[in-house]
Amino acid sequence: LNQESVKFFNNPSDLANGFTFPLQFKPNSFRAGNTYTFTLTAYILPAKAISASMSMIVNSPPSLGSFAVSPLSGIASGSNSSTLFLLSAPDWLDDLTDLPLTYEMLYYLVNTTNAVTFTVKVRSQDSITNSYLPPGLSASNFNVFCFTNVRDNLGALAVTEIVSVTSELESGITASAAAANA
């Protein structure tokens, strides 16, 4: 404790309007699933103490689910795929008090210098969607990298494993021609 956090009261009327003691912690100070107990002790002179404690359990993100994309390869003509992909994130679990869970499905494309992320399905309670994916870039062997953000109603986030899908251009179509049609 620093000097500013210690308050002395010389008579009971000093407490009539209440007293707050704000606690501040740096982000990510607490581990998900752990229990932390805070104790406040008031010392009453001479040599008598009164304590109160409060415990809190830190929210854990959803867990034990999976993520799959089917099929794992498809054909694109122009800037869009002609293959309909099924993206699904089944079996995610969380405490009943943290429900409902929401799912946001995304993909990213990688070129030689960076990755750009796009949304397939905006955040909703649906854990499955169908989508046409664009052709992957030649720099990444035509791979489109798909994943899902799974959140509980308190905002705890789990990010699924990345599933790599190959979405190649139809024979005879060049990447520059596909980009021109976008």
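Ser-167 sits in strand β12 (strands, marked E, are DSSP runs of at least two residues, numbered from the N terminus). The model is predicted, so local features need pLDDT of at least 70 and side-chain atom pairs count only at pLDDT 80 or more, while totals for chains, interfaces and linings use all residues. Residues are numbered from 1 along each chain as its sequence is written, and side-chain values use heavy atoms, leaving out hydrogens and water.

**Ser-167**
- Ser-167 is buried, with 0% relative accessibility (buried means under 20% relative accessible area, exposed over 50%, partly exposed in between, with a 1.4 Å probe and protein chains only).
- A polar atom of the Ser-167 side chain lies 3.1 Å from the backbone oxygen of Pro-134.
- The C-alpha atoms of Ser-167 and Asn-143 are 6.2 Å apart, with their positions 24 residues apart in sequence counted as separation.

**Asn-153**
- Asn-153 is in the loop between β10 and β11 (157-159).
- Its relative accessible area is 41%, so Asn-153 is partly exposed.
- Beyond neighbours within four places in sequence, Asn-153 is in contact (heavy atoms within 4.5 Å) with Thr-97, Asp-98, Leu-99 and Pro-100.
- A polar atom of its side chain lies 2.9 Å from the backbone oxygen of Leu-99.

**Nonpolar core**
- The largest nonpolar core (buried Ala, Val, Leu, Ile, Met, Phe, Trp, Tyr and Cys residues joined through side-chain atoms within 4.5 Å) has 18 residues.
- Phe-67, Val-69, Leu-87, Trp-92, Leu-133, Cys-146 and Val-165 touch the most other members.
- Two or more residues each come from β6 (84-88), β7 (102-110), β10 (143-151) and β12 (163-169).
- The largest share, 4 residues, comes from β7.

Technical notes: A polar contact is a pair of N or O atoms within 3.5 Å; within protein, one must be able to donate a hydrogen and the other to accept it, and residues adjacent in sequence count only if both atoms are side-chain atoms.
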